[in-house]
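User: I'd like to learn how to read a protein model step by step. Could you walk me through it?

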Amino acid sequence: MLENLAWIGAAGHPLLQRSEDRERAARTIFESHQRFLLEFLSQTRASDSDGPAGVRLAGMEKLYRATAHGRGAILVAPHVGNWEWGALAVARLGFRVHAVTGAQLHPLLAPAVRALKERQGIAVHTPADGFLPLVTALRRGGLVLLLTDGDVHSRSLAVPFFGRLVAQPVGPALLARRSGAPIVHAHAHRDAAGSIHLTIGGVETADRSLTLDQDVRRLTARIAAVSEETIARHVTQWCIFRPLFEGTDAAVASGATRRCAA
């Protein structure tokens, strides 16, 4: 984690310039992750107005417009705040949510975690299931949730990310090309009072005038850029505990420094 924060600091993040700042940020990230785990185990309270942390929604009109054509939508998000409660909030609105995930918490707990999600209306898929179930879900108007900074993808592409060329999954772009569904940016950060804010951002669509390779690169780079902006804004809630920047090459991405400074 400290190595990742150091790379982000080198890209210009003003809160991660000194080692003591990165140590402080790392402790805050672990606190955020511990809170996420407690919230994860109390999912039935996600929409309880009397609970300690409600879910507040912003930008939902963008999601409704994106799904108005009946092709569903591909929600892409980083591991920021409480992404699980963000998915639950969308499911409680009546959307059919399909999440792609690897083994969470521990492989032995995977069946129980899957059952917990499915009781809350979220269908669980693994990368081994392939694209067909996801394409089918989208054609039926469902939402497919993909966490794009995870490590369960099988295919990736190096695109600019915090001033480096970093491997990012191409699954969202390929799924958009294959299904015709739009890509919708989202994230669920936690405010100082403990409330979770689910924010729906911009929308990307496949461009059939481009070749498959060109369009996949364009969409993947765009997803990485939006994820970078979100992570920079909520870096102390970014729960990624694996090295992202090892062996990466310097990227021509001067915009990363400007985004971090902003």
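Analyst: Happy to; we'll go from the whole chain to helix packing and then to single residues. Keep in mind that this is a predicted model.

User: Let's begin with the overview. How many helices and strands does the protein have?

Analyst: There are nine helices and ten strands. The chain has 262 residues, and 51% of them count as buried. For the surface, about 12400 Å² is exposed, with carbon and sulfur atoms supplying 54% of that area.

User: What share of the contacts joins residues at least 24 apart?

Analyst: For this count, take contacts between residues at least 6 apart in sequence; 77% of those join residues at least 24 apart. Two pairs illustrate separation in sequence against separation in space. Glu 31 and Cys 239 are 208 residues apart in sequence, yet their C-alpha atoms lie 9.9 Å from each other. Ala 181 and Gly 70 are 111 residues apart along the chain, with 8.7 Å between their C-alpha atoms.

User: Now helix packing. At what angle do α1 and α2 pack?

Analyst: Helix α1 covers residues 2–10 and helix α2 covers residues 19–40; they pack at about 125°, with axes 10 Å apart. An angle between 115 and 145 degrees falls in the oblique class, and α1 and α2 are therefore oblique to each other. The crossing of α1 past α2 is right-handed. On the α1 side the contact uses Leu 2, Leu 5 and Ala 6, and on the α2 side Arg 22, Glu 23, Ala 25, Ala 26 and Ile 29. Sorted by class, that contact of α1 with α2 has six nonpolar residues, two charged ones and no polar ones.

User: And how do α6 and α7 cross?

Analyst: Their axes come within 10 Å and cross at roughly 55°. The range from 35 to 65 degrees also belongs to the oblique class, so α6 and α7 are oblique to each other. Here α6 passes α7 in a right-handed crossing. The contact is formed by Leu 134, Val 135, Leu 138 and Arg 139 of α6 together with Leu 175, Arg 178 and Ser 179 of α7. By class, the contact of α6 with α7 holds four nonpolar, one polar and two charged residues.

User: Let's stay with α7. Is this helix mostly covered or mostly uncovered?

Analyst: Helix α7 spans residues 171–179 and is mostly covered, with eight of its nine residues buried. Among the buried ones are Gly 171, Pro 172, Leu 174 and Arg 177. The buried residues of α7 pack against β2 (73–77), α6 (132–139), β5 (143–147), β7 (164–169), β8 (183–190) and α8 (212–233).

User: What comes after α7?

Analyst: Gly 180 follows α7, and its phi is positive, near 80°. Ala 181 sits in the loop between α7 and β8. With a relative accessibility of 1%, Ala 181 counts as buried. Setting aside residues up to four places away in sequence, Ala 181 touches Arg 71, Gly 72, Ala 73, Ile 74, Leu 138 and Ala 176.

User: How should I read a positive phi outside glycine?

Analyst: As a general guide, most residues other than glycine have a negative phi. In this model, Phe 162 has a positive phi near 50°. Phe 162 is found in the loop between β6 (156–161) and β7, and it is buried at a relative accessible area of 2%.

User: Finally, is Glu 31 buried or exposed?

Analyst: The cut-off for exposed is over 50% relative accessible area; Glu 31, at 56%, is exposed. Glu 31 lies in helix α2.

User: And which residues does Thr 220 contact?

Analyst: Thr 220, in helix α8, is buried at 2% relative accessibility. Beyond its neighbours within four places in sequence, Thr 220 is in contact with Leu 157, Val 159, Gln 168, Pro 169, Val 170 and Ala 173. Thr 230 is also in helix α8 and is buried, with a relative accessible area of 6%. With the same neighbours-within-four exclusion, Thr 230 contacts Pro 78, Val 80 and His 187.

Methods:
Residues are numbered from 1 along each chain as its sequence is written. This is a predicted model: local features need pLDDT of at least 70, side-chain atom pairs count only at pLDDT 80 or more; totals for chains, interfaces and linings use all residues. Side-chain values use heavy atoms; hydrogens and water are left out. Buried means under 20% relative accessible area, exposed over 50%, partly exposed in between (1.4 Å probe, protein chains only). Helices (H or I, at least four residues) and strands (E, at least two) are DSSP runs, numbered from the N terminus. Contact means heavy atoms within 4.5 Å. Axes are lines fitted to C-alpha atoms, for helices over the stretch in contact, and angles run from 0 to 180 degrees between N-to-C directions. A crossing is left-handed if the near helix is turned anticlockwise from the far one by less than a right angle, and right-handed if clockwise. Ala, Val, Leu, Ile, Met, Phe, Trp, Tyr, Cys and Pro count as nonpolar, Asp, Glu, Lys and Arg as charged, and the others, Gly among them, as polar. Accessible areas come from the Shrake-Rupley method with a 1.4 Å probe; for residues, only the protein chains shown count as cover.
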